[in-house]
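Open the model in your viewer and keep the sequence panel beside it. The stops below say what to select next and what is there.

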Amino acid sequence: MYWNKTIETLSPADLADLQLKRLKTTLAQVMKVGFYQKKFRDEGVRLEDVKTLADVSKLPFTRKQDLRNGYPFGFFAVPLNQVVRIHTTSGTTGKPTVVGYTRADLDTWSELIARNMTMVGLTKDDVFQNMVNYGMFTGGLGFHYGAEKIGMTVIPSATGNTKRQIEMIQDFGVTAIHCTPSYAMHLAEVAEEMDASLDTLKTGLFGAEPWSDSMRAELERKLGVTAYDSYGLSELFGPGVAFECPERDGLHIWHDCYLVEIIDPVSGDVLGDGERGELVVTPLMKEAMPLVRYRTGDVTMTIEDGCLCGRAKKIARITGRSDDMLVIRGINVFPSQIEHVLLKIPEVGNQFMVYVDRVNHLDEMTIDVEIDKGHFSGELHDLARIQKKVMKQLRDALELRTTVNIVEPGSLPRFEGKAKRVVDRRGSM
Amino acid sequence: MTETRNYIIKQISVFSENRPGRLAAIAHALEEEKINILAFSIAEANGFGVVRALVDHPKKAYDKLTSIGFNVAFTDVIAVKMRDEPGGLYEIAKILGDAKINIEYSYAYSGKEGAVLILRVDNAPAAITGILTGGGTLIETSVFH
């Protein structure tokens with residue numbers, strides 16, 4: 001099924017024409033942003049140099065750090081009175097990245113969500129429970145408005161209280177859910193414990209963290225759904241950037257809205273189909289916060305083969321990151337954020353190690369930190385108090401519950417050169 | 001109050017992760033310095049612990065353990081003699097209770113000169129006075145060097 005069949009199935013030539021037209025509009029829009037005026041001038045790039053889509057490779061990259069430096073509104077290309085919504089995404093050292101939307105941006109975004117949900121067969125006859133955070137995180141409101149656009153019955157259940165979530169699925173006859181794959185697994189297990197049947201469910205939309213095909217099989221068996229992978233990031237509106245079709249062999253990225261490149265993350269060279277690298281996107285329909293060659297940090301490749309559904313070129317499921325960002329229960333975490341928190345707590349040292357595990361299908365982050373020599377009183381309860389303090393401050397900064405181990409001074413590894421402070425043990429998902 | 005000071009004993013408290021071999025490392029270091037451990041206990045919480053020990057040379061033990069990287073602190077405790085026979089603990093516990101002394105933690109040993117109860121209390125001078133008034137016998141600081 002198609003939400004917007006004409007656009008979704010444009011011929012390659014028509015699509016390229018549309019992309020070039022929109023790229024030029026976007027470039028005119030980015031020149032309203034001080035960062036780009038300076039960047040283009042410094043690098044000697046002129047808009048007239050961009051005559052074809054391939055010319056985009058002459059343009060400079062935009063990195064997440066650039067967006068952080070622009071905090072809060074440095075990347076807005078429109079006056080604030082045209083920005084109708086703001087979301088944020090976690091930053092590395094406390095300050096988040098701000099993303100803004102005009103009314104047209106919200107329409108574009110919800111259109112993309114509507115395309116994705118229609119693509120997997122959802123209609124206005126479906127009852128949709130949206131089990132993700134509804135706050136500053138883009139996943140909640142993003143899916144909410146897309147589903148409403150289709151006319152689905154939307155239950156904005158947000159996160160938490162799994163038993164209540166299960167009761168609502170049963171009582172409201174929910175047919176489709178959206179959440180992180182790890183939360184879906186948790187939901188399935190709680191339902192099993194409650195001996196609750198979830199037989200109205202047929203579709204599961206899962207995203208915001210990487211998940212394997214074996215986890216897909218497990219979720220489908222336990223929840224009785226067909227599971228689809230959802231990809232997006234706040235800087236590119238939020239969820240909805242790319243999505244699996246019923247073939248479930250790669251994700252369709254919406255080329256009329258996103259100009260896609262895959263690059264070698266080290267050299268910056270553009271790679272061809274089938275070559276794994278970092279996804280770089282120039283959004284083509286963003287008004288409030290247009291971007292040029294945004295480095296997503298996500299590792300994927302473009303898939304040469306066409307798809308039975310007739311939509312354009314797919315990208316492979318995301319296999320990792322080209323930087324040190326961790327995704328824990330759908331939340332982005334940079335090791336530098338942890339370091340920043342520890343620096344402000346005198347009772348502990350600045351060395352740390354992060355261990356990430358998947359326990360009962362949920363991500364668990366454990367942080368080892370050394371007690372500071374001068375702050376050991378000899379009393380166990382003082383140690384426990386320090387441990388609690390570190391956990392609370394990490395929780396406040398990361399919006400994530402962590403386990404903190406207090407270890408002996410000098411016992412953690414010291415690194416010369418690039419530190420390897422993260423041990424991700426989630427390999428066997 | 002000068003006399004209560006004579007009964008305050010320096011326990012060494014050593015921070016230790018809860019993993020195999022840590023106690024051995026502490027004990028071996030003390031052996032190397034010919035320090036005798038009179039009593040010790042281990043308190044544990046959430047993956048880490050504190051090894052508490054009464055040793056004959058607290059300062060020497062502190063220096064040695066610190067030099068090999070341990071995090072060590074002195075903690076004031078008091079030590080009450082007990083009769084090493086049934087009812088011995090009750091006698092002392094009753095004195096403590098009657099004197100309204102609150103114990104933070106405690107451990108005991110039974111050695112050559114009888115049984116000893118080591119106490120960490122929130123107000124040591126008050127506890128010392130209470131125990132002495134109640135007829136208890138405290139070990140003097142001078143026993144330790």
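In E6(A), which residue is the bridge partner of A:His178? Select A:His178 and look across to strand E6: the partner is A:Leu205. Before going on, note that this is a predicted model. Its scores are ipTM 0.80 and pTM 0.73.

**Stop 1: strands E5 and E6 of chain A**

Stay with this pair and select residues 176–179 and 203–207 of chain A, which are strands E5 and E6. The two strands run parallel and are joined by 4 bridges. Now color E6(A) by burial: 5 of its 5 residues are buried, and the strand is mostly covered. Turn the strand to look at each face separately. On one side sit A:Thr203, A:Leu205 and A:Gly207, on the other A:Gly204 and A:Phe206, and all of these are buried, so that both faces are covered. The arrangement can be compared with a general pattern: side chains in a regular strand alternate between the two faces of the sheet.

**Stop 2: an open sheet in chain A**

Next, select strands E10, E11, E12 and E15 of chain A. They form an open sheet of 4 strands in the order E10-E11-E12-E15, with antiparallel pairing. Strand E10 (258–263) and strand E15 (320–321) stand at the edges; each has a single partner strand, so one side of each lacks a neighbour in the sheet. Move inward to E11 (residues 277–283) and E12 (residues 294–300), an antiparallel pair held by 4 bridges. To find one position in this pairing, pick A:Val281, which stands opposite A:Tyr294 in E12(A).

**Stop 3: the two domains of chain A**

Zoom out and color chain A by domain: the assignment gives domain 1 as 1–323 and domain 2 as 331–424. Their C-alpha centres are separated by 32 Å. Where they meet, domain 1 of chain A contributes 9 residues to the contact and domain 2 of chain A contributes 11. On the domain 1 side, select helix H8 (residues 181–193) of chain A, the source of the largest share, 4 residues. By class, that side of domain 1 of chain A has 1 nonpolar, 7 polar and 1 charged residues.

**Stop 4: from chain A to chain B**

Show both chains and select the residues in contact between them: 16 from chain A and 15 from chain B. On the chain A side, helix H11 (380–398) and strand E20 (403–407) are the elements that give two or more residues. Of the elements on that side, H11(A) gives the most, with 4 residues. The chain A side that touches chain B divides into 8 nonpolar, 6 polar and 2 charged residues.

**Stop 5: chain B as a whole**

Hide chain A and show chain B as a cartoon. Chain B has 5 helices and 6 strands, and from the N terminus the elements follow the order α-β-α-β-β-α-β-α-β-β-α. Its C-alpha trace spans about 45 × 30 × 30 Å along the principal axes. The radius of gyration of chain B is 16 Å, which agrees with the value near 15 Å for a compact globule of 145 residues. Buried residues account for 30% of chain B. Of the contacts in chain B between residues at least 6 apart in sequence, 69% link residues at least 24 apart. Switch to coloring by confidence: the average pLDDT of chain B is 90, and 98% of the residues score at least 70.

**Stop 6: the two domains of chain B**

Color chain B by domain, with domain 1 at 9–76 and domain 2 at 79–143. Their C-alpha centres lie 22 Å apart. In the contact, 8 residues of domain 1 of chain B meet 9 residues of domain 2 of chain B. On the domain 1 side, strand E2 (37–45) and strand E4 (71–82) each supply at least two residues, and E2(B) gives the most, with 4. This side of domain 1 of chain B has 5 nonpolar, 2 polar and 1 charged residues.

**Stop 7: B:Leu54**

Finally, select B:Leu54, in strand E3 (residues 48–55) of chain B. Is B:Leu54 buried or exposed? It is buried, because 25 other C-beta atoms lie within 10 Å. Beyond its neighbours within four places in sequence, B:Leu54 is in contact with B:Ile9, B:Gln11, B:Leu38, B:Ala39 and B:Ile118. For a last distance, pick B:Leu54 and B:Glu113: they are 59 residues apart in sequence and 15 Å apart in space, C-alpha to C-alpha.

Terms used. Residues are numbered from 1 along each chain as its sequence is written. Chains are lettered from A and ligands numbered from 1 in the order in which they are written. This is a predicted model: local features need pLDDT of at least 70, side-chain atom pairs count only at pLDDT 80 or more; totals for chains, interfaces and linings use all residues. Domain bounds come from an automatic or database domain assignment. Two residues are in contact if their C-beta atoms, placed from the backbone, lie within 7 Å. Ala, Val, Leu, Ile, Met, Phe, Trp, Tyr, Cys and Pro count as nonpolar, Asp, Glu, Lys and Arg as charged, and the others, Gly among them, as polar. Two strands pair if DSSP finds at least two bridges between them. The radius of gyration is taken over C-alpha atoms; the globule rule is 2.2 Å times the number of residues to the power 0.38. A residue is buried if 20 or more other C-beta atoms lie within 10 Å of its own, exposed if 12 or fewer, and partly exposed in between; C-beta atoms are placed from the backbone. pLDDT is the predictor's confidence in each residue, from 0 to 100.
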